[in-house]
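User: I have a model open and want to learn how to read its features. Can you walk me through some of them?

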Amino acid sequence: MSGFDAALTAEAADLLYREAWHLDSRDWAAWLALYSEDAIFWAPAIAGEEGFSGDPDNDVSLIYLDRAGLEARIFRIEGRDSFASAPLPHTAHVVGNVRAAETKGAEIEVSATWLVNSFRRTDPPILRAGRYAYTLRRTAAGLAIARKTVYVLDDRIVGPIDIFNI
Amino acid sequence: MTGASAQSLVDDRPGDGIFRVRRAAFVEPALFERELERIFQRCWNYICHDSQVRERGQYVRGSIGRYPVFAIRGLDGEIRCFHDSCPHRGSMLTRGRSGVQPTITCRYHGWAFNADGRCIRVRGRDAGYSREALERLGTDLKPVARVASYRGFVFASLDPDVEDLETFLGGARPFVDLMADQSEEGMEVLKGESTYVMRANWKLQTENSTDGYHVATVHRNFAHTVRQREALAGEADDARARTEASRILDLESISSGGYDMGNGHMINWSDRGSPESAPLNEARGAIAARFGEGKARWMIDRGRTVTIFPNFFLNDVASTCIRLWRPVAVDLTEIDTWCLAPIGESAAARRARIRKYEDFFLPSSIAVPDDVRAMEVAHAGSLAAGGEAWNDLALGYATMVEGADDAARELGAAPLHSNPGRESETPFYAFWREWRRRMDGP
Ligand code: FES
Ligand SMILES: [Fe+2]
């Protein structure tokens with residue numbers, strides 16, 4: 001990201017921290033409320049040695065969901081009927097290296113780095129890491145997430161990946 | 001169970017209506033070593049799809065059991081497969097999982113090879129090596145004994161005397177054709193690959209790949225979740241974007257079945273609840289004109305899993321998937337998955353195909369994680385009492401028929417036995433008979 005705005009970065013970081021907190025405390029409704037109605041949640045897949053898949057309409061992504069898709073993921077988690085997701089692992093997100101800048105059209109671009117540790121009694125502990133790229137939008141209720149891109153660095157994936165552990 | 005013969009692990013008594021497999025077959029470490037030697041080192045092993053090695057010098061890394069290999073398109077356009085091991089002192093030669101290396105230079109001491117495998121440089125050759133020494137050590141890349149491709153699917157074998165690939169694929173060929181024939185322009189592997197890990201024996205994946213019995217239990221959550229999503233999003237304008245949950249939730253309303261295609265290959269199929277939801281539906285006219293109505297029905301209206309012995313499948317149910325599961329240890333399997341798509345399909349069909357693939361076939365999807373869990377738990381439970389207990393594969397025995405059923409005849413396929421209904425375990429007999437034959441054979 002080119003520009004960097006300290007005040008905006010503090011405001012954006014607060015949103016990212018709240019999001020991570022909601023996920024770790026399994027407050028799915030509060031988590032989803034951070035997303036705009038037209039939000040897109042995208043985790044590209046690894047492509048080749050050093051790259052990620054690009055255009056989600058032509059390449060395979062790990063996850064590409066609109067808001068209804070995110071809501072359905074919550075339905076899956078809360079229903080406790082998914083073999084893989086019950087019991088849920090305990091997760092701890094650590095979000096850092098947050099930088100934000102305003103772009104044209106009053107949208108805010110944010111980049112950050114993340115680590116998630118997941119623990120479940122029956123499984124080995126799982127450490128995942130990656131980068132986030134957000135597009136935030138200012139609304140009456142504060143900043144909303146219009147788009148979140150999650151780059152997952154694992155190219156040999158251990159354990160399931162879902163919205164709560166990346 | 002150490003040293004148990006495969007014979008004693010597979011109790012196959014057709015006359016008595018008994019077919020069972022001792023759980024030790026999944027968990028016994030000594031058997032795993034024997035499998036690498038008796039099965040993987042002698043069998044045809046899937047390596048890649050030819051769309052992944054389109055250019056000269058383009059390569060894909062693969063493995064045969066534990067042996068590292070790679071397939072590469074040569075300067076002459078031919079696809080070859082080599083041991084991924086430098087003739088000098090054994091260093092792996094590929095730099096990544098895939099890429100383009102028209103000249104393969106070993107990073108260790110700088111020997112170089114062209115894409116046909118010929119050595120083109122030994123650094124310090126004249127000063128350091130006698131001609132006799134170079135001749136003795138052999139400077140060209142060591143080819144894997146046999147490479148062959150069927151309809152774009154490239155296989156390799158370490159056994160120079162292995163039967164022809166076509167003979168090996170045998171009865172499964174019409175079902176492989178159902179994937180290969182989806183576009184006159186050919187098929188392509190899409191960008192965006194995935195490798196994930198399963199803490200379970202590789203044969204649990206082979207069974208699960210053709211197991212229709214778990215669909216209604218393990219994947220009912222998938223079906224409910226997509227139903228919920230579609231309810232939230234409102235009816236999609238484009239039918240292709242819809243995911244039919246009915247084939248999972250309402251088995252009574254559709255036809256389905258399973259086949260033993262011989263040589264260890266297995267088929268499981270179900271009619272789609274709503275054929276309009278198949279991305280390929282847009283090509284129905286062209287496909288029916290080229291291949292007839294029967295084959296069009298098989299390609300578009302029917303979902304299929306085509307499990308090729310020992311560790312490879314083509315799946316055209318939720319979306320089109322190539323999956324390869326690699327044995328790493330008796331209780332550890334690495335799984336590669338790719339989306340295979342018809343070249344030239346519409347943008348809307350491509351998008352729908354990709355979304356459905358992501359819904360089902362990835363470790364980040366809402367189906368595969370549940371499968372992986374199921375197999376890991378099955379492995380863990382199979383350790384009970386040293387694997388002494390039997391998996392009695394009796395489900396569907398009563399409905400099994402010799403030879404083809406009407407659906408198979410429509411395709412001109414010749415199963416050894418058929419079962420009308422995907423909730424049967426009789427297709428597994430194909431795998432276990434082949435497994436036993438190879439494990440106990442000469
Ligand atoms: S090991 Fe390859 S050049 Fe020495
Ligand atoms: Fe499954």
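Analyst: We will go through a metal site, a core residue, a helix, a surface patch and some salt bridges. Keep in mind that this is a predicted model.

User: Start with the metal. Which atoms coordinate the iron ion (ligand 2)?

Analyst: The donors are NE2 of His214(B), NE2 of His219(B) and two OD atoms of Asp371(B). They sit at 2.0 to 2.5 Å.

User: What arrangement do the four donor atoms make?

Analyst: Start from the ideal. Four tetrahedral donors would give angles of 109.5 degrees. Here the angles around the iron ion (ligand 2) run from 56 to 145 degrees, so the arrangement is irregular. A tetrahedral label would need all angles between 85 and 135 degrees.

User: How are the donor residues spaced in sequence?

Analyst: The pattern is H-x4-H-x151-D. His219(B) and Asp371(B) are 152 residues apart, so to speak a link between distant parts of the chain. His219(B) lies in the loop between helix H9 (215–218) and helix H10 (220–233) of chain B, while Asp371(B) belongs to helix H15 (residues 368–382) of chain B.

User: Are His219(B) and Asp371(B) buried or exposed?

Analyst: Both His219(B) and Asp371(B) are buried.

User: Now a core residue. What does Met198(B) touch?

Analyst: Place it before listing contacts. Met198(B) is in strand E14 (residues 194–198) of chain B. Its relative accessible area is 0%, so Met198(B) counts as buried. Leaving out residues up to four places away in sequence, its contacts include Gln205(B), Asp331(B), Leu332(B), Val372(B) and Glu376(B). Thr333(B) is another of the contacts. The C-alpha atoms of Met198(B) and Thr333(B) are 5.2 Å apart, although 135 residues separate the two along the chain.

User: And a whole helix? How many residues of helix H13 of chain B are buried?

Analyst: Count residue by residue. Seven of the nine in helix H13 (residues 293–301) of chain B are buried, so the helix is largely enclosed by the rest of the structure. Among them are Lys295(B), Trp298(B) and Asp301(B).

User: What about the opposite case, a nonpolar patch on the surface?

Analyst: Look at Val94(A), Leu115(A) and Leu127(A). Together they have about 280 Å² of accessible area. Leu127(A), in strand E7 (residues 126–139) of chain A, is exposed, with a relative accessible area of 54%.

User: Last, the charges. How many salt bridges does the structure hold?

Analyst: Side chains of opposite charge can pair when their charged atoms come close. Over all chains there are 52 salt bridges. One of them pairs Asp123(A) with Arg199(B), with the closest N and O atoms 3.2 Å apart. Asp123(A) sits in a loop of chain A and Arg199(B) in a loop of chain B, so this pair joins two chains. Asp123(A) is buried at 18% relative accessible area, whereas Arg199(B) is partly exposed at 32%.

User: Which parts does a pair within chain B, Asp177(B) and Arg151(B), tie together?

Analyst: In this salt bridge the closest N and O atoms are 3.2 Å apart. Asp177(B) lies in helix H7 (residues 173–180) and Arg151(B) in the loop between strands E11 (146–150) and E12 (153–157), so the pair ties together parts 26 residues apart in sequence. Asp177(B) is buried, at 15%; Arg151(B) is partly exposed, at 36%.

User: Which residues do salt bridges with shared partners join into one network?

Analyst: The network consists of Arg156(A), Arg97(B), Glu193(B), Arg326(B), Glu334(B) and Asp336(B).

Methods:
Residues are numbered from 1 along each chain as its sequence is written. Chains are lettered from A and ligands numbered from 1 in the order in which they are written. This is a predicted model: local features need pLDDT of at least 70, side-chain atom pairs count only at pLDDT 80 or more; totals for chains, interfaces and linings use all residues. Side-chain values use heavy atoms; hydrogens and water are left out. Donors are N, O and S atoms within 2.8 Å of the metal (3.2 Å for Na, K and Ca); water is not among the atoms, so sites may look incomplete. Four donors count as tetrahedral if all angles lie between 85 and 135 degrees; four count as square planar and six as octahedral if opposite donors are over 155 degrees apart and all others between 65 and 115; anything else is irregular. Helices (H or I, at least four residues) and strands (E, at least two) are DSSP runs, numbered from the N terminus. Buried means under 20% relative accessible area, exposed over 50%, partly exposed in between (1.4 Å probe, protein chains only). Patches are made of residues with over 30% relative accessible area and no salt bridge: like charges are joined within 9 Å, nonpolar side chains (Val, Leu, Ile, Met, Phe, Trp, Tyr) within 5 Å. Accessible areas come from the Shrake-Rupley method with a 1.4 Å probe; for residues, only the protein chains shown count as cover. A salt bridge is a side-chain nitrogen of Lys or Arg within 4 Å of a carboxyl oxygen of Asp or Glu. Contact means heavy atoms within 4.5 Å.
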